[in-house]
Amino acid sequence: MDEAAGRAELPALVLQPLVENAVRHGVELRHQGGDIFIRTRVLGSAGAQAEVLISNALADLVRPGQGMALANVEERLRVMHDVALVFDAGVVEAGAQARASLPMAVDSRLGELPRFWRVRFVVPLPRPGERGAMS
């Protein structure tokens, strides 16, 4: 986590649905579990933009979603930052990711933020033929 990026303005709980997506459509469906990485950093030498990136490995199984969480997050960020926002989400070579680039605030209302979060989920899936296994 880049401490200087803590000056970026985000609506309350806007990252929660992105992390939930990473769990539900990625880590939860991997036989070996997985990691979710959250990174913040200031972009450019002028430091006028901050980037928030959430990424995870792809799932072993496919659980298609409807994109509602991503659309809601983008809409909430767009209301706050309009054309200054760059938001993208989808599958990349290393897995799935959601990224937002947004303007820095002149002064921070967020206070001190933790420098790094690491969340690890391991969810055993039933083997074929076991009770609860998908057919």
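**Close-ups of a cavity and a helix pair**

S4 supplies the largest share of the lining of the largest cavity, with four residues. Keep in mind for every view here that the model is predicted.

**View 1. The cavity itself.** Searching the whole structure turns up one cavity of 30 Å³ or more. The space inside the largest cavity comes to about 60 Å³. Two elements each give two or more residues to its lining: strand S2 (49–56) and strand S4 (95–103).

**View 2. Who lines the largest cavity.** Zoom in on the walls and you meet Leu 10, Val 14, Leu 15 and Leu 18, along with Val 52, Ile 54, Leu 77 and Phe 87, and then Ala 98, Arg 99, Ala 100 and Leu 102. Sorted by class, that lining holds 11 nonpolar residues, no polar ones and one charged one.

**View 3. H1 meets H2.** Here helix H1 (residues 16–25) and helix H2 (residues 68–81) have axes that come within 9 Å and cross at roughly 160 degrees. Angles over 145 degrees count as roughly antiparallel, so that label fits H1 and H2. Their crossing is left-handed.

**View 4. The H1–H2 contact, residue by residue.** On the H1 side, look for Pro 17, Leu 18 and Asn 21; H2 answers with Ala 69, Leu 70 and Val 73. By class, the residues of this contact split into five nonpolar, one polar and no charged. Leu 18 of H1 is a familiar face from View 2, as this residue takes part in the contact and also lines the largest cavity.

Definitions and conventions:
Residues are numbered from 1 along each chain as its sequence is written. This is a predicted model: local features need pLDDT of at least 70, side-chain atom pairs count only at pLDDT 80 or more; totals for chains, interfaces and linings use all residues. Side-chain values use heavy atoms; hydrogens and water are left out. On a 1 Å grid over the protein atoms alone, a cavity is a set of points where a 1.4 Å probe fits but cannot get out, and a pocket is an open set with protein on both sides within 12 Å along at least five of seven lines; lining residues have an atom within 4 Å of a point. Grid points are joined across faces, edges and corners, and a volume is the space filled by probe spheres set on the points. Ala, Val, Leu, Ile, Met, Phe, Trp, Tyr, Cys and Pro count as nonpolar, Asp, Glu, Lys and Arg as charged, and the others, Gly among them, as polar. Axes are lines fitted to C-alpha atoms, for helices over the stretch in contact, and angles run from 0 to 180 degrees between N-to-C directions. Angles under 35 degrees count as roughly parallel, over 145 as roughly antiparallel, 65 to 115 as roughly perpendicular and the rest as oblique. A crossing is left-handed if the near helix is turned anticlockwise from the far one by less than a right angle, and right-handed if clockwise. Contact means heavy atoms within 4.5 Å.
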